[in-house]
Amino acid sequence: MQTHRWLRPAGLLSLLALGLSGCEFAGPQSIFDTAGPIAEAQRDLFVWSYQLSWIVVIGVFGVMGYVIWRFRQRKGSDAIPKQFHGNTALEIWLTIIPVIIVIAVAVPTVRTIFATETRVVPDEDAVIVNVTGYQWWWRFEYPELGIVTANELVIPTDRQVVVNLDSADVLHSFWVPRLAGKRDMIPNQNNQLHFTADEPGEYYGQCAELCLGAHAYMKFRVIATDDAEFDAWATSFQEAADRTVQADPQIQQGEALFATKGCATCHTIDGYRDDVRVGTPDFPNLTNFGLRNTIAAAVVDNTQANLEQWLRDPQSIKPGNRMPAVWDTNDPNADEEIAAVAAYLRSLGVEPATQTQASIGANHGDR
Amino acid sequence: MAIGRQPLRPAADVGLLQRPTWTEGLVSWLTTVDHKRLGLLYIWTSFMFMGFASIEAFLIRLQLAAPGNTLLSPDVYNQMFTMHGVTMVFLAIMPLGTGFANYFVPLMIGARDLAFPRLNAFGYWIYAAGGLFLYSSFLLGGAPDAGWFAYAPLTSLSNNPGNGTDFYMIGLLIGGIGTLVTAMNLIVTIFSMRAPGMTMMRLPVFVWMMLVTSFLIVFAFPPLTIALLQIIMDRTFGTLFYVPEAGGLPILWQHLFWIFGHPEVYIIILPAFGVISEVIPTFSRKPLFGYPVMILSGIFIGFMGFAVWSHHMFTTGLGPVANTAFSITSFVIGIPTGVKVFNWLGTMWGGAIRFTTSMYYAMAFLFNFVLGGITGIMLAMPPFDAQANSTYFVVAHFHYVMGGGALFAFFAGVYYWFPKFTGRMMNDRLGKVAFWFFFIGFNIIFMPQHFAGLMGMPRRIQTFEAGIGLELVNLISTAGTFVMLAGILLILANVIQGFRAPKTAGNDPWDARTLEWKTTSPPQHHNFDEQPIALDRDALWAEKYPEHAHPDDASAYEGMDFDQGGIHMPGQSWYPFAMAVGILVASYGILFHNFVLAAIMGVFVVVTTYGWAFEGVGGHHVHPNKTATEGAHD
């Protein structure tokens with residue numbers, strides 16, 4: 001809705017002037033802090049309706065205030081007012097005014113619907129991602145790149161992203177407020193959403209349809225990078241199967257424990273020992289886990305301490321989730337083994353020299 | 001309507017139970033068919049459930065006071081907001097409207113009772129049974145937790161193995177029976193039992209709105225019933241309507257639910273419009289501005305209510321064409337609604353407005369409802385809805401229309417009609433103090449929630465992340481609950497004080513306009529000693545101030561004895577209560593898969609139906625204008 005772009009500063013100003021909550025409107029999950037054309041069109045439409053609403057607010061509450069003041073019963077007066085029943089001309093006008101306001105809202109609405117919600121044939125250079133919602137995490141599959149990952153959606157800036165939405169269990173809803181409004185993920189229904197990120201950054205996403213349990217913790221991140229970084233990220237995944245485990249003895253120990261403690265029963269890591277069958281598609285794929293900014297579906301940052309806590313007691317980080325606590329609380333080896341598994345996971349996809357840098361997204365993770 | 005003109009046939013005398021004749025005590029309440037007693041039962045019961053729902057709301061807000069709070073676990077939290085929604089919609093606000101209708105529709109149209117008094121009693125008892133059934137879930141394995149609209153497949157046996165969902169499905173099913181029979185009862189009553197001279201275009205607007213509402217109920221509840229039965233079948237007998245792995249389409253639930261659910265919103269708000277349309281004219285001492293337009297816009301809103309359901313589903317991927325269609329129909333509803341607001345202001349224009357507590361609530365209704373209407377139009381824009389749907393913006397919106405709108409209107413009704421219920425006056429000053437706490441508290445709670453939604457806070461999350469701008473808005477919102485709680489406590493004090501006040505109200509303390517104020521406060525059992533006659537639209541006003549109205553010539557009715565043979569009052573009956581108990585117990589049988597119990601109770605229900613049908617005419621005649629009352633029982 002380009003036509004109303006000039007209204008934006010005024011709109012935001014009046015929002016602030018309203019100031020009823022006294023908060024700032026920028027935020028990592030704010031619909032105002034847009035970073036792509038879809039979210040921008042949605043925001044602009046809201047601002048337009050918000051400004052029109054002031055006509056209604058001032059008109060109705062103005063008349064109401066006047067009537068309350070002017071026609072209150074005066075002390076001592078008991079006169080019966082004139083009993084009029086209506087005024088046809090006035091009533092016609094009072095019907096026409098809301099009609100005009102409704103038309104003023106409806107026209108840009110319909111234009112924006114078709115601009116933002118039409119199902120698209122992906123552009124030639126579009127990134128296509130099949131997103132599957134699970135209780136309570138996200139599976140991201142890039143069919144053209146042969147990549148499967150979880151909870152962090154890496155995309156290039158200024159290129160169309162087309163996500164095909166599905167759910168493996170109950171309803172979920174895919175929502176990245178700064179990039180695009182939500183679209184529900186419904187079993188047996190192929191929904192599509194498309195958006196573009198204008199600038200590099202880390203954008204917050206969250207499930208917006210009740211899915212019980214850890215619903216409040218079903219978050220994710222969209223990490224937008226430039227083309228070169230995106231290609232490097234993709235290559236790193238495609239080559240993951242060929243990489244060897246780092247020489248660090250702690251990491252080596254963690255690699256062994258990943259199978260013996262049962263992690264590999266559910267979780268896939270591409271290239272993990274050819275003789276061990278690892279994981280199923282219905283659990284988060286941990287390939288290149290070291291490149292992730294967050295763990296437990298974007299609930300906490302991916303640090304050694306957080307990951308250890310997550311392995312030790314998953315419920316303490318994400319109440320309601322289904323990851324078992326593998327180590328007994330009185331297991332004397334627990335601390336050492338947990339540290340080793342965490343170190344191993346955090347080494348995945350990371351060159352030994354850069355291991356202290358959490359991941360590529362850290363450069364943009366200032367939000 | 002000439003009641004008792006024909007001589008009564010003798011009772012068939014095949015009844016299994018005697019018609020009870022208690023006039024006092026518990027049995028008199030269990031067997032009553034008096035619309036006024038049932039109305040009060042509805043009102044008290046709905047306020048009781050409102051209390052439960054308020055406790056749930058309070059716990060929800062305490063949990064959300066700060067990020068990462070652990071007061072409620074996710075499981076308990078889900079039960080709290082689900083039961084809060086279910087209770088407010090099905091057990092509190094909707095039956096509150098039914099309660100007012102029960103009490104006042106017969107009085108306003110000059111009738112002695114509803115058309116089917118025993119059916120009316122059954123409607124109340126089955127509603128109470130449904131509420132009891134739903135709340136017993138807390139003690140029997142956990143309350144429903146899938147939200148008040150219980151989207152499939154979250155309600156399937158594999159995704160929700162506890163029996164909370166069964167309580168929801170069966171509870172709504174049996175509660176819905178009560179709603180449905182009461183709606184039919186009201187339709188027949190309004191069409192066939194109006195006082196002489198009370199043409200349709202002279203009906204009080206509250207009665208009109210109840211008529212529209214009743215038609216909405218009759219058409220809206222069947223789709224819900226179907227959807228509920230499908231889930232009950234899925235969970236009890238293993239059918240596959242909503243099982244995705246077997247090819248079920250979960251989206252079908254949403255369509256069926258919202259074809260019911262959107263009209264349900266109007267089932268709640270139209271009676272509220274009706275109450276406001278009685279309160280504002282009385283306290284402005286003027287007739288309602290644009291009466292025919294008010295009626296037509298009410299009918300139009302009701303009709304259009306069936307054409308907007310998919311605006312609850314804009315984010316489900318219906319496509320741009322369907323979203324455009326449902327967006328436009330939703331906008332269109334804004335027009336008659338706007339007209340209603342203008343007409344209420346037009347009613348006040350030129351009046352002599354008395355600002356009683358009731359009128360305060362009516363003004364607060366206008367304020368809140370206009371704000372809720374504006375956000376409603378915003379949400380009807382699918383591109384914005386894509387952002388705001390399922391966030392706290394929606395939560396704020398529907399609390400402004402359902403709470404700030406409907407509930408405030410019903411509070412205006414309570415303050416308006418309290419003298420009629422009791423013969424006593426509530427303390428106006430205390431009422432106003434309570435009002436300010438209630439009104440300001442309400443706005444402190446819900447205004448910030450708009451911003452929480454715009455800042456990206458989804459609804460139904462048990463906790464929220466720190467550092468993304470949600471702390472302050474949530475803290476303010478929670479703080480508001482304490483202000484509103486103070487308001488609630490003051491209102492309770494106000495009510496208790498009202499019940500202890502002397503009986504000084506008289507018939508017509510507000511100098512009102514409609515027929516319920518023509519009789520005593522509280523009205524006697526037979527409502528009117530003499531059949532009232534509507535000579536003009538505001539029938540009582542025209543009678544009191546013929547020089548300020550255009551009444552018909554009363555001489556046309558002269559010499560007519562409308563109560564020839566006495567006023568026939570229906571007899572009490574055990575059967576409505578017994579049938580409701582039978583259905584309640586059968587429901588537990590189905591829920592716990594004890595089909596023998598369910599079958600036995602099914603037979604019991606058939607027996608009560610038989611007893612009901614052949615109970616005989618019953619009742620007695622009263623002759624208020626004759627010196628000796630012959631309580632002729634038959």
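**Figure 1. Salt bridges across the whole structure.** In this predicted model, a search over all chains turns up 20 salt bridges. One of them pairs A:Glu255 with A:Arg273, with 2.8 Å between the closest N and O atoms. A:Glu255 sits in helix α5 (residues 249–260) of chain A and A:Arg273 in the loop between α6 and β11 of chain A, so the pair ties together parts 18 residues apart in sequence. The two partners are covered to differing degrees: A:Glu255 is buried, at 8% relative accessible area, whereas A:Arg273 is partly exposed, at 31%.

**Figure 2. A long-range tie in chain B, from B:Arg118 to B:Glu615.** Here the side chains of B:Arg118 and B:Glu615 meet in a salt bridge, 2.7 Å from N to O. B:Arg118 comes from helix α4 (residues 117–136) of chain B, and B:Glu615 from the loop between α17 (595–613) and β2 (620–622) of chain B, so this pair links parts that are 497 residues apart in sequence. B:Glu615 is buried, with 7% relative accessibility.

**Figure 3. A salt bridge inside one loop of chain B, plus a network that takes in both chains.** B:Arg513 and B:Asp538 meet through their side chains at 2.7 Å, N to O. Both residues lie in the loop between α14 and α15 of chain B, so the bridge ties together parts of that loop 25 residues apart in sequence. Both B:Arg513 and B:Asp538 are buried. A separate thing to look for is the salt-bridge network that links A:Asp78, B:Arg285, B:Asp508, B:Asp511 and B:Lys544. One of its members, B:Arg285, turns up again in Figure 7.

**Figure 4. Where chain B meets chain A.** The contact draws on 97 residues of chain B and 92 residues of chain A. About 7,800 Å² is buried between the two chains, and carbon and sulfur atoms give 71% of that. Two salt bridges are counted between chain B and chain A. A:Lys219 and B:Glu465 form a salt bridge, their closest N and O atoms 2.2 Å apart. Polar contacts join 23 residue pairs across the interface, counting pairs with both residues at pLDDT 80 or more. On the chain B side, the elements giving two or more residues are α3 (74–108), α7 (250–284), α8 (291–304), α9 (320–348), α10 (357–379), α11 (382–388), α13 (428–454) and α14 (471–500). Of these, α9(B) gives the most, with 15 residues. Sort the chain B side by residue type and you get 59 nonpolar, 28 polar and ten charged residues.

**Figure 5. A:Ile186, a loop residue that touches both chains.** A:Ile186 sits in the loop between β7 (180–185) and β8 (191–195) of chain A. With 1% relative accessibility, this isoleucine counts as buried. Leaving out neighbours within four places in sequence, its contacts in chain A are A:Asp166, A:Ser167, A:Leu171 and A:Asn191, while those in chain B are B:Pro250, B:Ile251 and B:Thr316. The C-alpha atoms of A:Ile186 and A:Ser173 are 8.3 Å apart, with 13 residues separating the two along the chain.

**Figure 6. The β6–β7 hairpin of chain A and, elsewhere in chain A, A:Asn288.** Strand β6 (residues 172–176) has five of its five residues buried. A:His172, A:Phe174 and A:Val176 are on one side and A:Ser173 and A:Trp175 on the other, so whichever face you check, it is covered. β6(A) runs antiparallel to β7(A), joined by four bridges, and three residues lie between the strands of this hairpin. A:Val176 stands opposite A:Ala180 in β7(A). A:Asn288, in the loop between α6 (263–266) and β11 (294–295) of chain A, is buried too, at 3% relative accessible area. Its side chain makes a polar contact of 2.7 Å with the side chain of A:Arg243. Beyond four places in sequence, A:Asn288 also touches residues including A:Ser236, A:Phe237 and A:Leu348.

**Figure 7. Backbone oddities worth a zoom.** A cis peptide bond joins A:Gln135 and A:Trp136, with omega about 10°; A:Trp136 lies in the loop between β1 (127–134) and β2 (137–142) of chain A. In chain B, B:Ser521 and B:Pro522 are also joined by a cis peptide bond, with omega about -10°, and B:Pro522 is in the loop between α14 and α15 (539–544). B:Arg285 has a positive phi, near 55°, despite not being glycine. This arginine is in the loop between α7 and α8 of chain B and is buried at 4% relative accessibility. B:Ser390 has a positive phi as well, near 65°; the serine belongs to the loop between α11 and α12 (392–422) of chain B and is buried, at 7%.

Conventions
Residues are numbered from 1 along each chain as its sequence is written. Chains are lettered from A and ligands numbered from 1 in the order in which they are written. This is a predicted model: local features need pLDDT of at least 70, side-chain atom pairs count only at pLDDT 80 or more; totals for chains, interfaces and linings use all residues. Side-chain values use heavy atoms; hydrogens and water are left out. Contact means heavy atoms within 4.5 Å. Buried area is the accessible area (1.4 Å probe) that two parts lose on being put together, summed over both. A salt bridge is a side-chain nitrogen of Lys or Arg within 4 Å of a carboxyl oxygen of Asp or Glu. A polar contact is a pair of N or O atoms within 3.5 Å; within protein, one must be able to donate a hydrogen and the other to accept it, and residues adjacent in sequence count only if both atoms are side-chain atoms. Ala, Val, Leu, Ile, Met, Phe, Trp, Tyr, Cys and Pro count as nonpolar, Asp, Glu, Lys and Arg as charged, and the others, Gly among them, as polar. Buried means under 20% relative accessible area, exposed over 50%, partly exposed in between (1.4 Å probe, protein chains only). Two strands pair if DSSP finds at least two bridges between them.
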